[in-house]
Amino acid sequence: MSITEKDVHAALDPVVSNVSLSQWEKQRIVQVAMASGRSEKRRRPVIFRRALAVAAAAAFCLTTSVAVVASPSMSDKLSQINRQTMRYLSPTNVYSVSSGISMEVLASMQDDTTVISYLAFTDDSGVNRLHDTVELCDILVDGQPTVITGEPMQQEDGSVVVRVQGMRDPMQAASGKVSISLNTILSGGKVQEYTDTGVTAGDIQRWNPRPTLSGTKPVQSSSCEISNGKLKALMDQGTVQCIKAYGSYVDERVPFLTINNAGIIDDALHVLARRNPEQWYNTCSLALFDTNGQKIQEDVAELSVGEALPDQNISSSCDTELVEYVMALPPDADLDALSLYYTTSTYEHCIKGDWNVTFTVPDEKQPTVRAHSNQDMAGWTLRSVVVTPFGVEANGSGVLLGDSEMPEICLYLRDGTVVENFSSSITSVQPGMNGEPDQISCKYYFDEPLDICELDKITAQGETIWSKRTDWRS
């Protein structure tokens with residue numbers, strides 16, 4: 001008997017004709033059918049088997065809520081994502097093109113406070129400006145700059161896939177819409193490890209024995225290794241005694257940085273440098289090393305004390321053109337035994353553009369486990385811990401102090417696995433009104449979604465606050 005495509009349609013019509021499907025469900029059926037058909041055709045190209053695959057895909061989508069891949073190209077780009085993550089992803093497929101670079105949102109997933117999207121970047125110019133060192137330094141999710149990006153995954157076709165995670169804006173989350181914007185892509189990043197400049201603290205003191213000061217200036221931002229001593233006092237008061245610019249020197253090894261002056265002030269080595277505003281993305285750090293090539297374990301600060309750089313929305317260690325490096329000297333140190341070292345982080349490409357997308361992530365309620373607590377965290381009280389497939393949220397009230405404790409959450413799974421290390425975390429404080437205590441939230445994120453059904457026990461600060469065996473809902 002010869003079965004034609006017409007026969008198959010006739011057999012299927014009575015089954016599916018009365019089924020009411022949303023546009024999203026229709027899309028999923030077609031996607032699975034296409035993927036299943038291609039797979040079967042490669043193994044055994046028989047039309048009858050392909051028709052069965054279509055019917056099976058339709059039944060599968062009608063009885064489950066598992067998100068599926070939207071297209072062959074998307075499937076390829078997400079091939080490195082594990083199956084556990086794929087269960088929660090919903091296809092997105094929106095594009096934005098600027099400066100010869102296309103940004104595609106492949107798929108997304110979300111809970112009440114967080115959205116995670118996989119973005120694919122492709123260089124349509126053919127110049128091959130993208131690498132697995134891509135950095136999205138000014139990306140915004142729902143207009144918020146607090147965004148965490150994962151390790152870029154370069155594909156065989158040259159495109160790069162990046163996992164982006166951001167906090168939802170409550171107003172926008174209510175509508176189900178997500179917006180992502182980006183203005184700068186950095187790629188081709190290279191790190192030069194600490195290298196000797198060939199200059200000692202003694203050389204600098206002899207060259208400039210009485211450095212001229214320009215007066216105290218407010219500290220706008222800093223990248224610091226400060227634990228105690230005079231540098232901590234400077235940081236606490238928010239101002240620093242700066243050295244006055246004098247002369248101009250450029251080391252060919254660090255061409256984006258111009259040294260304007262250097263000298264020893266109050267038992268600390270100061271180096272004043274001016275960054276090239278056109279290469280604001282390249283950074284340099286300085287430190288003192290001993291004759292054995294070991295870094296001096298003294299306080300170090302990089303202080304922004306000059307005019308703002310053009311790209312103020314870029315998150316970097318110093319966001320102004322003028323930088324004051326301050327390195328505390330060990331007591332009674334031999335200045336000639338202290339060498340000035342530098343380390344740099346540079347990029348081959350800085351691509352400016354305007355990438356903007358807005359899309360909707362299906363509102364699929366994720367399973368959660370809530371544990372109650374009443375633990376003293378030195379200034380605030382931990383009240384609850386909520387676990388979702390995407391992470392852990394610890395909530396409390398009080399005042400977050402410098403010596404306050406942070407939640408130490410451990411999740412125990414039924415197979416004996418202990419989850420205590422998280423890929424990233426965000427702590428936020430909502431100030432209390434009319435004398436009410438502040439509301440404190442600490443969100444810890446998983447590298448990959450967690451199957452909540454496997455959760456057996458939750459501990460906070462070593463104390464069990466939830467157990468599946470004692471939860472009446474289990």
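Helices and strands are DSSP runs, of at least four residues for a helix and at least two for a strand, numbered from the N terminus. The legends below use those element names for a predicted model.

**View 1. The whole chain combines eight helices with 28 strands.**
The chain has 474 residues, and buried residues make up 45% of them. It exposes about 24700 Å². Carbon and sulfur atoms supply 49% of that area. Take the contacts with a separation of 6 or more: 65% of them come from residues 24 or more positions apart. The structure holds zero disulfides.

**View 2. Confidence drops in two stretches, residues 1-5 and residues 14-72.**
The average pLDDT of the chain is 79. A score of at least 70 is reached by 77% of the residues. Over residues 1-5, pLDDT stays under 50. The model gives that stretch three contacts beyond four places in sequence. Over residues 14-72, pLDDT also stays under 50. Here the model has 51 contacts beyond four places in sequence. Where pLDDT is low, the predicted coordinates should not be read in detail.

**View 3. Strands β9, β18 and β15 form an open antiparallel sheet.**
The order across the sheet is β9-β18-β15. The edges are β9 (190-200) and β15 (283-289), each pairing on one side only. From one strand to the next, the twist averages 25°. β15 is joined to β18 (residues 339-346) by seven bridges, and the two run antiparallel. One place to look is F289, whose bridge partner in β18 is S339. Strands of a sheet pair through backbone hydrogen bonds, either parallel or antiparallel.

**View 4. Two cysteines, C284 and C442, are buried.**
C284 has a relative accessibility of 7%, under the 20% cut-off, so it counts as buried. C442 has a relative accessible area of 1% and is therefore buried as well. Neither takes part in a disulfide, as the structure holds zero of them.

**View 5. Strand β8 is largely enclosed by the rest of the structure.**
β8 covers residues 177-187. Nine of its eleven residues are buried, so the strand is largely enclosed. Strand β4 (residues 140-141) pairs with β8 in the antiparallel sense, over two bridges. Within that pairing, L140 has S181 of β8 as its bridge partner. Strand β19 (residues 349-360) also pairs with β8 in the antiparallel sense, here over ten bridges. In this case L186 has C350 of β19 as its bridge partner.

**View 6. Four strands make an open sheet in the order β24-β23-β27-β28.**
The pairing in this sheet is antiparallel. β24 (418-419) and β28 (463-467) are the edge strands, and each pairs on one side only. Strand β27 (residues 455-460) runs antiparallel to β28, with four bridges joining them. A460 has E463 of β28 as its bridge partner.

**View 7. Y88 sits in a loop and is buried.**
The loop lies between α5 (83-86) and β1 (90-98). Y88 has a relative accessible area of 11%, under the 20% cut-off, which means that it is buried. Along the chain, Y88 and P389 are 301 residues apart. In space, their C-alpha atoms are separated by 8.8 Å.

**View 8. P331 is an exposed residue in the loop between β17 and β18.**
β17 spans 322-328. P331 has a relative accessibility of 71%, over the 50% cut-off, so it counts as exposed. P331 and D267 are 64 residues apart in sequence. From C-alpha to C-alpha, they are 8.1 Å apart in space.

**View 9. N93 and D266 have positive phi angles without being glycines.**
N93 has a phi of about 55°. N93 lies in strand β1. Its relative accessible area is 25%, which makes N93 partly exposed. D266 has a phi of about 50°. D266 is placed in the loop between β13 (257-265) and β14 (268-275). With a relative accessible area of 58%, D266 is exposed.

Definitions and conventions
Residues numbered from 1 in each chain as written. Predicted model: local features only at pLDDT ≥ 70, side-chain atom pairs only at ≥ 80, totals over all residues. Heavy atoms only, no water. Pairing = 2+ DSSP bridges. Axes fitted to C-alpha atoms, helices over the stretch in contact; angles between N-to-C directions. pLDDT = per-residue confidence, 0-100. Contact = heavy atoms within 4.5 Å. Disulfide = S-S within 2.5 Å. Buried < 20%, exposed > 50% of the residue type's maximum accessible area, 1.4 Å probe, protein only. Areas by Shrake-Rupley, 256 points an atom, 1.4 Å probe, with all protein chains shown as cover.
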